[in-house]
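Visitor: Could you take one buried acidic side chain and examine its surroundings closely? I should then like to see how the rest of the model is arranged.

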Amino acid sequence: MTSRPSFKVALAGLVLLVAVGVVWWRGAARSDVTGHSPSGSTSGPSLPVSGPATSAFGTSAPAASKAPREQIPMPGCWDGLAALDQAATLESLHAAVSAAIQARDTALVAYLQERLTELVGEDPDKGLQLVSWAMKAAPPEPAIYLEALKAAPAVRHPRVSEKLLSVAEDTSLAAPDRASALDALETQHRFTPGTRDRLKAIALDDSADAAAWMATRTLGRVMKEDYQRTGTYAPYWKDLLDIGTTSEDMAVRLLALEMPSYSDPLLDSGSIDTLAKVMRTDKERDVREMAAFRLAVTEDPQKALSAFRAAFDGEQDLCVRWAFLRFAVRAAGADALPLVEEFARKDPRLRQDYLDFKALYATGTTDFARIWLGKKEHHDCVVEEGAPH
C-alpha cells in the first residue's frame, strides 16, 4: 500500500494548529470584543468591557471589519493582553488582577500572578509594594499578591522577609492573612536564630489558629531547604521538637513531628528521649504514631528499640502498637526481630506481623523499602502521611 505523505502533513499541521490554540485558551477568553465565539456561543466568564470597541484591559481595540472574511474556528485569547504585557507595570497588573477577580476568571488571575512575579524580580521595593497591597485588600487578593512575591527572588531580601515576618506577628490581622505572609516565607534559604525564635513563638500561640500551623510548616520547609544546601537541620529540629511537645494544638504538634519526613535527616541520639516521652504520654493517637515514625530514622537504632520497648506495655491502642512494631523494624532491620517477637508474645494480634517480617528477612533482603513491599496488611489502621505504606 502506498503512503499518503501529503495527507499526513496536512493532518499534522491541523493538530499543531489546534494544540497552539489550546495552549492559549483560557476559560474566560473571548474570540472578539462582543464576547461571542465564531460559532455564536459565549466562551465563558470575561472581564468587564466599557464598550464594543474597548478591550478587557481598557485599551482601544480595532473595530471589526464589515467585509466578509474567513475565520478559523479556534479558541481566542484575552482582549488587550498583548498590550498590557508590552507596557506592564505593577499598577496596571494590580488593576487587572482586581478586574479578573470580579469577572471570576481564575485562569487570567493565575497568569497575572505569574507576571507580577516576573515584574518584581529581585527588586525589594516592588516586593514591599505587593505586601502593602496584600494588607489592604480583601480576599482573595492578599493570597494572590503574596504567592506572586513568594516565587520572586526579592522575597529573600532582608527588608522584604522582615516585613513578611512582621505581618505574620501582627495579632490584629486575620489569621488567614498572617498565614499567607508565613507561606510567602517558605522559599527562604535559611533562617537566623532570631527568626526561628519568632516563628516558634507564633507556632506556640494558642490564639494564632491557622498562623500557628503555618509557622510550623514554614520552619519545616526552610529546614529542608537549608539541609539540602548546607546539611544543617539540628537548630530547626530542636525548635520543631519543642513545638511538637508543648503546643496545645494537636494538628500543630503532629505537623511539627512530621516535617523532618521531607528531608529525612538522621536524628541524633539526644532526640530519642524526647520522642520516647511523646510515645508514652501524648494524649492523641496520631501524635504517638508520628513520634514512632520519627524514631525510625536515627543514628542510634538500638536506643530507638529501647524506646519502643519502654512504650509498648503502656500503650493500649492496637494501631499504635502496630506502629511501634513496624517502625522498630524500619529503624533496625533484622536486628529488631527479637523485639518484634517479644511484642507478638505480649499481644497475639501482632503474631502474624512477626511471622511475616521473619520470613521476609530470611530471604536475604535487607532494604526496608523492599521488605515493606512484601508485607501484608493485617490491621485496619490508617498510615500517617509520610509513613511507608
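**A close look at Asp183 and beyond**

Guide: Leaving aside its neighbours within four places in sequence, Asp183 is in contact with Glu147, Lys150, Met214, Arg217 and Thr218. Please keep in mind that this is a predicted model. Asp183 belongs to helix H8, which covers residues 175-184. Its relative accessible area is 10%, and because buried means under 20%, Asp183 counts as buried. One of its contacts deserves particular attention: the side chains of Asp183 and Lys150 are joined by a polar contact of 3.1 Å.

Several partners of Asp183 can be placed on helices. Helix H6 comprises residues 141-150, and Lys150, a partner of Asp183, is therefore on that helix, as the numbering 141-150 shows. Helix H10 spans residues 210-230, and Met214, Arg217 and Thr218 are among the residues that touch Asp183.

A second buried aspartate may be set beside this one. Asp353 is located in helix H18, residues 351-362. With a relative accessibility of 0%, Asp353 is classed as buried. Its side chain makes a polar contact of 2.5 Å with the side chain of His379. Apart from residues within four places in sequence, the residues in contact with Asp353 are Trp322, Leu325, Lys375, His378 and His379.

Let us now turn to the chain as a whole. The protein chain contains 19 helices and zero strands. Of its 389 residues, 46% are buried. Its exposed area is about 19500 Å², of which carbon and sulfur atoms supply 55%. Among contacts between residues at least 6 apart in sequence, 65% join residues at least 24 apart.

The enclosure of residues can be followed in a single helix. Helix H12 (residues 250-258) has seven of its nine residues buried, so it is largely enclosed by the rest of the structure. The buried residues of H12 are Val252, Arg253, Leu254, Leu255, Ala256, Leu257 and Glu258. Their cover includes H9, H10, helix H11 (234-246), helix H13 (269-281) and H14. At the N-terminal end of H12, Asp249 acts as a cap, with a side-chain oxygen 2.9 Å from the backbone nitrogen of Ala251.

We next consider how helices pack against one another. Two packed helices are described by the angle between their axes and the distance between the axes. For helix H14 (residues 285-294) and helix H16 (residues 318-332), the angle is about 10° and the axes are 9 Å apart. H14 is therefore roughly parallel to H16. From H14, the residues Arg285, Arg288, Glu289, Ala292 and Phe293 meet Cys319, Val320, Ala323, Phe324, Arg326, Phe327 and Arg330 of H16. Sorted by class, this contact of H14 with H16 contains seven nonpolar, no polar and five charged residues.

Another pair consists of helix H15 (residues 301-312) and helix H17 (residues 337-346), whose axes come within 11 Å and cross at roughly 5°. These two helices, H15 and H17, are therefore roughly parallel to each other. On the side of H15, the contact is made by Leu305, Phe308, Arg309 and Phe312, and on the side of H17 by Leu339, Glu342, Phe343 and Lys346. The contact of H15 with H17 divides into five nonpolar, no polar and three charged residues.

Some loops hold backbone features that should be noted. Most residues other than glycine have a negative phi, and most peptide bonds are trans. The peptide bond from Pro139 to Pro140, however, is cis, with omega near 10°. Pro140 lies in the loop between helix H5 (124-136) and helix H6 (141-150).

Arg104 has a phi near 60°, a positive value in a residue other than glycine. Its place is in the loop between helix H3 (90-102) and helix H4 (106-120). Arg104 is counted as exposed, at 73% relative accessibility.

Asp209 has a positive phi near 55°, and this residue is not a glycine. Asp209 sits in the loop between helix H9 (193-203) and helix H10 (210-230). In contrast to the buried Asp183, Asp209 is exposed, with a relative accessible area of 52%.

A final residue is Glu114, in helix H4. Glu114 has a relative accessible area of 51% and is exposed. The C-alpha atoms of Glu114 and Ala152 are separated by 9.5 Å, although the two residues are 38 residues apart along the chain.

Note on methods:
Residues are numbered from 1 along each chain as its sequence is written. This is a predicted model: local features need pLDDT of at least 70, side-chain atom pairs count only at pLDDT 80 or more; totals for chains, interfaces and linings use all residues. Side-chain values use heavy atoms; hydrogens and water are left out. Helices (H or I, at least four residues) and strands (E, at least two) are DSSP runs, numbered from the N terminus. Buried means under 20% relative accessible area, exposed over 50%, partly exposed in between (1.4 Å probe, protein chains only). Contact means heavy atoms within 4.5 Å. Accessible areas come from the Shrake-Rupley method with a 1.4 Å probe; for residues, only the protein chains shown count as cover. Axes are lines fitted to C-alpha atoms, for helices over the stretch in contact, and angles run from 0 to 180 degrees between N-to-C directions. Angles under 35 degrees count as roughly parallel, over 145 as roughly antiparallel, 65 to 115 as roughly perpendicular and the rest as oblique. Ala, Val, Leu, Ile, Met, Phe, Trp, Tyr, Cys and Pro count as nonpolar, Asp, Glu, Lys and Arg as charged, and the others, Gly among them, as polar. A polar contact is a pair of N or O atoms within 3.5 Å; within protein, one must be able to donate a hydrogen and the other to accept it, and residues adjacent in sequence count only if both atoms are side-chain atoms.
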